[in-house]
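Subject: Structure for you to look over

Hello,

Please find the structure below, as discussed. My notes on what was found in it follow directly after.

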Amino acid sequence: MNSYKKSVLGVLGAAAFALVAGPAMADYPNKPIQVIVPYSAGGDSDLTTRIWADAVEKEIGSPIVVVNRPGGSGVVGTAFVANAKKDGYTLVNAGLGNMQVAPNFSQTPYDFDSFEPIVKMTAVPLAVVVSAESPYETFDDFVAAAKEKSLTMGSFGAASAGTILGTIIADQMGYEPNYVHANNTAESVAAVVGGHLDSAVSFPPGFESHLKSGKVRVLAINERMPHHDESIPLFSDYGIEGSFEGWSGIFAPKGVPDEVVETLVQATEKIMQDPKVISAFENIGAIVDFRHGDEWVEEMQVTYDAMQELAEKKGN
């Protein structure tokens, strides 16, 4: 074979390899990344995602655009990402509600195995809050009243983490909440502050600013934040069993290249050591809890299975 033919075949072979392997071999990222928050703006999922995106895009050198796509207690936006191209350019804010609760307590076109977990950013403890003007000074007061009459409780969707966890708490204490659903925790708590609801189940990003300004009272919480007053009771103080913690992370559609996961894990690990980022999370009431890898995924699967068992008991 002459040298000309060898050269042509070599070029054609290289071109064919590039066509097959090109997308996987390209440096990631080389264009903007979209992160879907499956809830409306202003809630805890939205706030944590925006802090993460602002910090990570500086590390990876590509814009990260946060897009709110609410609906169906997080199902609409999450399903959109489950069906997105598996190239790492469409991600979703993941949490207890859309990944572990909704697939078990409602009909969803996806399940936990539809996604590639990338990182956990934060953890947030659930709380029951009332207005500072509320006649219910303690959780005991609230429970006693809720057993006597129907009290409204704000949440953020019938199949949301707040509603399911709030119901587990109510079942153990012997009362039945009258849920009023909003788009996110911030809206629920705002309705409590405005005197439109008796109470709300919420994570700290939804109530922290109101707590600091003295507009809400925390009746009980899963775990006190470092800056919380020691007088705030824990659910365990009332004999309530179980963990009532929400979390926020970033998932991709199942099957994304390893390079995507590795790039985002490395960038997240770096920003989670930045005091400014840590402070930003703490300012909205979130606890930095950076996790990734098999052990974390296995722990999430255990919670998923527990939610599945609970749903079956309740006839879902």
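Pro29 lies in the loop between helix 1 (3-25) and strand 1. The model is a predicted one, and in it a cis peptide bond, with omega about 0°, joins Tyr28 and Pro29. A second loop to look at is the one between strand 2 and helix 3 (75-82), where Ser73 lies. Phi of Ser73 is positive, near 55°, although the residue is not a glycine. Both features go against the usual pattern: most residues other than glycine have a negative phi, and most peptide bonds are trans. Ser73 has 17% relative accessibility and therefore counts as buried, the cut-off being under 20%.

For orientation, here is the chain as a whole. The secondary structure of the protein chain comes to 11 helices and 11 strands. Of its 316 residues, 52% are buried. Taken along the principal axes, the C-alpha atoms fill a box of roughly 95 × 45 × 30 Å. Contacts between residues at least 6 apart in sequence were also sorted by separation, and 78% of them join residues at least 24 apart.

Next, the strands around strand 1. Strand 1 (residues 33-37) pairs with strand 2 (residues 64-68) in the parallel sense, over five bridges. To get from strand 1 to strand 2 the chain passes through helix 2 (residues 44-60), and this β-α-β crossover is right-handed. Two positions help to find the pairing by eye: Gln34 stands opposite Val65 in strand 2, and Val37 has Asn68 as its bridge partner in that strand. Strand 1 also pairs with strand 3 (residues 90-95), again in the parallel sense, over three bridges. Here Ile36 has Val92 of strand 3 as its bridge partner. Four of the five residues of strand 1 are buried, so the strand is largely enclosed by the rest of the structure.

Helix 2 holds Thr48. Is Thr48 buried or exposed? Its relative accessible area is 1%, so Thr48 is buried. The side chain of Thr48 makes a polar contact with the side chain of Ser248, at 2.9 Å. Leaving out residues up to four places away in sequence, Thr48 touches Asn93, Met121, Thr122, Ser248, Phe281, Ile284 and Ala286.

Some of these names come back with Val288, which is found in strand 11 (residues 287-291). Apart from neighbours within four places in sequence, Val288 is in contact with Met121, Thr122, Met272, Ile278 and Phe281. Val288 has 26% relative accessibility and so counts as partly exposed. The C-alpha atoms of Val288 and Asp46 are separated by 15 Å, while the two residues are 242 residues apart along the chain.

The last element to report on is helix 11 (residues 294-313). Does its length agree or disagree with what its 20 residues should span? At 1.5 Å a residue, the expected span is 28 Å, and the end C-alpha atoms are 29 Å apart, which agrees. Trp296, Met300, Tyr304, Met307 and Ala311 are buried in helix 11. These residues cover an arc of only 75° around the axis, which means that they are on the same side of helix 11. The residues on the other side include Asp294, Glu295, Glu298, Val302, Glu312 and Lys313, which are exposed. The cover over the buried residues of helix 11 includes helix 4 (96-105), strand 4 (115-125), helix 6 (161-173), strand 10 (245-253) and strand 11. After helix 11 comes Gly315, which has a positive phi near 85°.

If you open the model with little time, I would look at three places: the cis peptide bond between Tyr28 and Pro29, the polar contact between the side chains of Thr48 and Ser248, and the buried residues of helix 11, among them Trp296 and Tyr304.

Regards

Methods: Residues numbered from 1 in each chain as written. Predicted model: local features only at pLDDT ≥ 70, side-chain atom pairs only at ≥ 80, totals over all residues. Heavy atoms only, no water. Buried < 20%, exposed > 50% of the residue type's maximum accessible area, 1.4 Å probe, protein only. Contact = heavy atoms within 4.5 Å. Pairing = 2+ DSSP bridges. Right-handed = clockwise from strand over helix to strand, strands pointing away. Polar contact = N/O pair within 3.5 Å; in protein donor to acceptor, adjacent residues only side chain to side chain. Expected span 1.5 Å × (residues − 1). Arc of directions from axis to C-beta.
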